[in-house]
Amino acid sequence: MIVLFTDFGNGGFYLGQMRAVIAHRAPGVPVVDLMHDAPAYAPGCASYLLAALAPGIVRGAVVLAVVDPGVGGPRRPIVVRADDRLFVGPDNGLFEVVMRRATTVDCQSIEWRPAELSATFHGRDLFAPVAAALAKGTVEGCTLREAEPARCGSWPDDLPAVIYVDGYGNLITGLRASTLAPDVQIGLGGAALTRARTFGDVPPGTLMWYENSIGLVEIAVNKGNAARLLTASIGTEVRLER
Amino acid sequence: MIVLFTDFGNGGFYLGQMRAVIAHRAPGVPVVDLMHDAPAYAPGCASYLLAALAPGIVRGAVVLAVVDPGVGGPRRPIVVRADDRLFVGPDNGLFEVVMRRATTVDCQSIEWRPAELSATFHGRDLFAPVAAALAKGTVEGCTLREAEPARCGSWPDDLPAVIYVDGYGNLITGLRASTLAPDVQIGLGGAALTRARTFGDVPPGTLMWYENSIGLVEIAVNKGNAARLLTASIGTEVRLER
Amino acid sequence: MIVLFTDFGNGGFYLGQMRAVIAHRAPGVPVVDLMHDAPAYAPGCASYLLAALAPGIVRGAVVLAVVDPGVGGPRRPIVVRADDRLFVGPDNGLFEVVMRRATTVDCQSIEWRPAELSATFHGRDLFAPVAAALAKGTVEGCTLREAEPARCGSWPDDLPAVIYVDGYGNLITGLRASTLAPDVQIGLGGAALTRARTFGDVPPGTLMWYENSIGLVEIAVNKGNAARLLTASIGTEVRLER
């Protein structure tokens, strides 16, 4: 199975061209669009989001992940094997949090280059062919070499900030709910937030936070739009208080 | 075949996680994304839309339908068999109009619960595994029990209101064109609407209605945006006059 | 393989209904969503975009292309075979540029009509069944007849105008970079544009143009939105100066 995680957006032809390469090179391999509006240009935020999604991805899958503002620059293309999932993409921190939380990690740089490599679209020209080869269980023609990935040692294990805003205006943070002390208070801007289990637990219009379906602290307003109400967006900091 | 009908939107990772569950549990079963911007939080409007779409779905298909504002609350998960199509989703009225128009109807509640059931995402954790099992022709491990669905007896057979606004600003109503008297006049707000067969039948800028491709009354402006012109949205009432 | 190219947008049920027809009629045939926000109502701009994308489509594929503002009117449905790719859609100029750049071209009109043909949705009712039949290698039941396509002789070989605005606000033009003289200057509105190889080659905020991943001149601002900065949209003209 190939799982796609990008910041390409659902519009345009970028995704379609990448899908066409995979369909041609790995016919019969199931392709799952996990998400295509990952935090744009922001491998850091995307890294916390991908790490929260990773446990839900079946072992053995190839995850083709492209959040790559430095495309065409010096950053390397890599393959990371973490807990039996293979991650293919740029070595720009995107896989930092996945690697940190994995039990077993192994990294290889992609030395292979296609005959035609565009300057701006390595997702189609470089990463998709490698992901297709890996999904077919072969890397024939796609030379890999053991390598040390770039590490981001200064990043925290959990990020107290908004890393994604969903279509309802819910604010997803980089904090795993399971890491919080029971008496912690979560705030954003001037607002203090009630903890709830689900939307229906609070009256319409009430600000709250809950552990979302991928284990992260999510801030929402029942039947409302938290992003608008709090004028928050990707990068907005969250306060932890006791 | 599994047909998806949700209000998740095309963005985010909700859809992707649900697709991943299906790809893992029902490998090889074709999955068709019918629509993912069904009326949000509005199982009533969504019910009229789904019923208009249902005849176009091949018999034997499993329809995984999630418009579920009460997720985590007391509403039951159900499977409805209506005219040889299986509908899996919440028992909140979403299948009311499908059931009412079907020749044969049979309903079962889903008694099975997964080992891990998130409070906010039954689409991924509960409905998708059941849909996958049904599509493979087995419900092994997914206990079902004959049940009476919640019925919405007060709902009309056709809904004289906007139930969906498409990307062009066209207003789709809950009225089947085939149920209208030949001399009926359709109005919305202060506007009276000309009946047409297709866009090109009226000059640019003209308001009109026509029977759309799923048999519903649709209000549009040739080369214009009816939603903006009439400041109409989901729920806006439509007048029927003689 | 069936490749989809439409202006339906990713929302709504139009795409889903078309996909359901294909899944039912051509089970097992891979379907690739190339793009669904092709220039709306604009077969001219869409024609230059499709021609730039065509070389990236695998030979033997069936391209189901629907940008069809005249649906229900007199324009004919056609099948164009160009360099071993089959294009199915309306005879309204959408395939003009593909045909012009192809080495071998062959055109047939679709004489077959389905039992039920809606006035507004030939993508689902007419083009999708024909594409499915062609992808299965048969046109049994889908009568085709040799025909001369409508030609658009007055169109230039390259279009000096914006033909698509992507999700980042980048402006894609109908100009192939390979056709430009080395000393040409590209301008839009009052702005003159620097040529670059990729985003990172210029400081944030700088306007530039580069050859994009499908060979077209694309205008962008590093970490900015060119469409907003230049108030440009589909149809905005581009200047070529020496």
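**Notebook: chains A and B**

I started with salt bridges (a side-chain nitrogen of Lys or Arg within 4 Å of a carboxyl oxygen of Asp or Glu), and the rule finds zero across the interface of chain B and chain A. A reminder to myself: this is a predicted model, where local features need pLDDT of at least 70, side-chain atom pairs count only at pLDDT 80 or more, and totals for chains, interfaces and linings use all residues. Side-chain values use heavy atoms, without hydrogens and water.

Next I looked up polar contacts (N or O atoms within 3.5 Å, one able to donate a hydrogen and the other to accept it; residues adjacent in sequence count only if both atoms are side-chain atoms). Seven residue pairs, both at pLDDT 80 or more, make them across this interface.

Which helix gives the most to the side of chain B that touches chain A? I found helix H1 of chain B, residues 14-25, with seven residues (helices are DSSP runs of H or I, at least four residues). That side of chain B has nine nonpolar, nine polar and three charged residues, with Gly counted as polar.

I then checked the contact itself (heavy atoms within 4.5 Å): 21 residues come from chain B and 21 residues from chain A.

My last entry is a helix pair inside chain A. The axes of H1(A), residues 14-25, and H4(A), residues 122-135, come within 9 Å and cross at roughly 35° (lines fitted to C-alpha atoms over the stretch in contact, with angles from 0 to 180 degrees between N-to-C directions). Among the residues in contact I noted Met18(A) and Val21(A) of H1(A), and Ala128(A) and Pro129(A) of H4(A).

How values were computed. Residues are numbered from 1 along each chain as its sequence is written. Chains are lettered from A and ligands numbered from 1 in the order in which they are written. Helices (H or I, at least four residues) and strands (E, at least two) are DSSP runs, numbered from the N terminus.
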